Amino acid sequence: MAQIGKASAKRSKPSYFMAILGVTIVLFLVGIFGWLLLNAKRYTEELREGVKVQIYLRNNVTPTDIEGLKTYLAAQPYTKSVEYIDKEAAKKKWMTDEGQDFSALLDENPLPASFDLNLKAEYVQKDTIASIKADLEKQALVVESVKYPAFIVEKMGSTVRVGLIVFAILAGIFCILSIVLIDNTIRLAMYSNRFLIKTMQMVGATRGFISRPMNVRAVVNGTISAMIAIAVIYGLMILSESFLPYLKDLRDNGKLFLLFGFLLILGISISLFSTWRSVVKYLKMKLDELY
């Protein structure tokens, strides 16, 4: 009986190797898709936060008025960053952008002082920015006008929303397909152990005794698969960032850690569940049905 067990164990090794390989490939694809989704989300956030709301000040404002408005803006929940641009800085920026100097034609600098306000990503919405603009324009003694690229904000909102929804749906479908593929891969690996499982049952072994070593092996295999997939994804990520440095700015280490944790849990959970289900299935089958 021991010889039968050893022979069965030897026959199962190639299947376990293929199971690890198959689960690794699936987890790798899931991880790559998740990484792309995280980068896409972060990229859209940076696009939103790059939209500037320009607050032009009246010529007669005092330093106290300027400091008061700056303090007010910094305290608002929608503010990502705020920068004061005085008249001289505005002139230098205009000369850099336009390549012309109007000093020879005008004795006085006509450009007003202003604040460049960057909003948090969740506030860059058509209605929200319009509300913020209306609120700032109420400070008429200090603020002359408020400008922002309304067309870009409107188009960005609808395009980003549709893009993220489509991407999320594809991610959900891909995740479900991946779980099914992992389940089928594990069940195929367990198929070679069906006679070993039945033999142990026939000599009086309990379900717990039979399934325990296989469950342990499933946890080990799932962990190995996940760690290999994570290592390959991380290596590919570092390589990509060396060729495309801006990808490093998009990296969110906290969310990346959660993604890797999800891959580890997914690999272990599906491997364990599929193994347990296969063991139960073969225990319920009659000996003749195993052939």
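These notebook entries record what I looked up in a predicted model of a protein chain.

**Entry 1: the chain as a whole**

I began with the secondary structure, which comes to nine helices and four strands in the protein chain. Reading along the sequence, I noted the pattern α-β-α-β-α-β-α-β-α-α-α-α-α. I then looked up burial and found that buried residues make up 37% of the 291 residues. The accessible surface of the chain is about 17,200 Å², and carbon and sulfur atoms account for 65% of that surface. For contacts between residues at least 6 apart in sequence, I recorded that 84% join residues at least 24 apart.

**Entry 2: the annotated spans**

Next I consulted the UniProt record, an unreviewed entry. Its annotation "transmembrane region" covers residues 16–38, 162–182, 218–237 and 257–276. I examined two of these spans in the model. Residues 218–237 are 100% helix and 0% strand, with the end C-alpha atoms 28 Å apart. Residues 257–276 are likewise 100% helix and 0% strand, and their end C-alpha atoms also lie 28 Å apart.

**Entry 3: a patch on the surface**

Which residues form a nonpolar patch on the surface? I listed Phe17, Met18, Leu21, Ile25 and Leu29, which together have about 480 Å² of accessible area. From this patch I selected Met18, which is placed in helix H1, residues 2–49. Met18 has a relative accessibility of 48% and therefore counts as partly exposed, since the exposed class begins over 50%.

**Entry 4: two buried residues**

I turned to Ile182, which sits in helix H5, residues 150–191. Ile182 has 0% relative accessibility and so counts as buried. Leaving out residues up to four places away in sequence, I found that Ile182 touches Val23, Val26, Leu27 and Ile270. For one of these partners, Leu27, I noted a separation from Ile182 of 155 residues in sequence and of 8.7 Å in space, C-alpha to C-alpha.

My second choice was Ser225, in helix H7, residues 207–243. Is Ser225 buried or exposed? At 1% relative accessibility, Ser225 counts as buried. With residues up to four places away in sequence again left out, Ser225 touches Ile20, Val23, Thr24 and Leu27. I marked Val23 and Leu27 in my notes, as both are touched by Ile182 and by Ser225.

**Entry 5: aromatic pairs**

How many aromatic pairs does the structure hold? I found two aromatic pairs. Tyr78 and Tyr123 form an edge-to-face pair, at 6.2 Å centre to centre and with 70° between the planes. Tyr78 lies in the loop between helix H2 (63–75) and strand E2 (79–85), while Tyr123 lies in the loop between strand E3 (114–119) and helix H4 (126–137), so this pair ties together parts that are 45 residues apart in sequence. I recorded Tyr78 as buried, at 8% relative accessibility, and Tyr123 as partly exposed, at 24%.

Tyr84 and Phe115 form a tilted pair, 5.2 Å centre to centre with 55° between the planes. Tyr84 is in strand E2 and Phe115 in strand E3, so the pair ties together parts that are 31 residues apart in sequence. Tyr84 is partly exposed, with a relative accessible area of 30%, whereas Phe115 is buried, with a relative accessible area of 0%. I closed the entry by noting that in each pair one ring belongs to a buried residue: Tyr78 in one and Phe115 in the other.

Note on methods
Residues are numbered from 1 along each chain as its sequence is written. This is a predicted model: local features need pLDDT of at least 70, side-chain atom pairs count only at pLDDT 80 or more; totals for chains, interfaces and linings use all residues. Side-chain values use heavy atoms; hydrogens and water are left out. Patches are made of residues with over 30% relative accessible area and no salt bridge: like charges are joined within 9 Å, nonpolar side chains (Val, Leu, Ile, Met, Phe, Trp, Tyr) within 5 Å. Accessible areas come from the Shrake-Rupley method with a 1.4 Å probe; for residues, only the protein chains shown count as cover. A salt bridge is a side-chain nitrogen of Lys or Arg within 4 Å of a carboxyl oxygen of Asp or Glu. Helices (H or I, at least four residues) and strands (E, at least two) are DSSP runs, numbered from the N terminus. Buried means under 20% relative accessible area, exposed over 50%, partly exposed in between (1.4 Å probe, protein chains only). UniProt positions are given in the numbering used here, feature names are shortened, and annotations may be inferred rather than shown by experiment. Rings of Phe, Tyr and Trp (its six-membered ring) pair if their centres lie within 6.5 Å; planes under 30 degrees apart count as stacked, over 60 as edge-to-face and the rest as tilted. Contact means heavy atoms within 4.5 Å.
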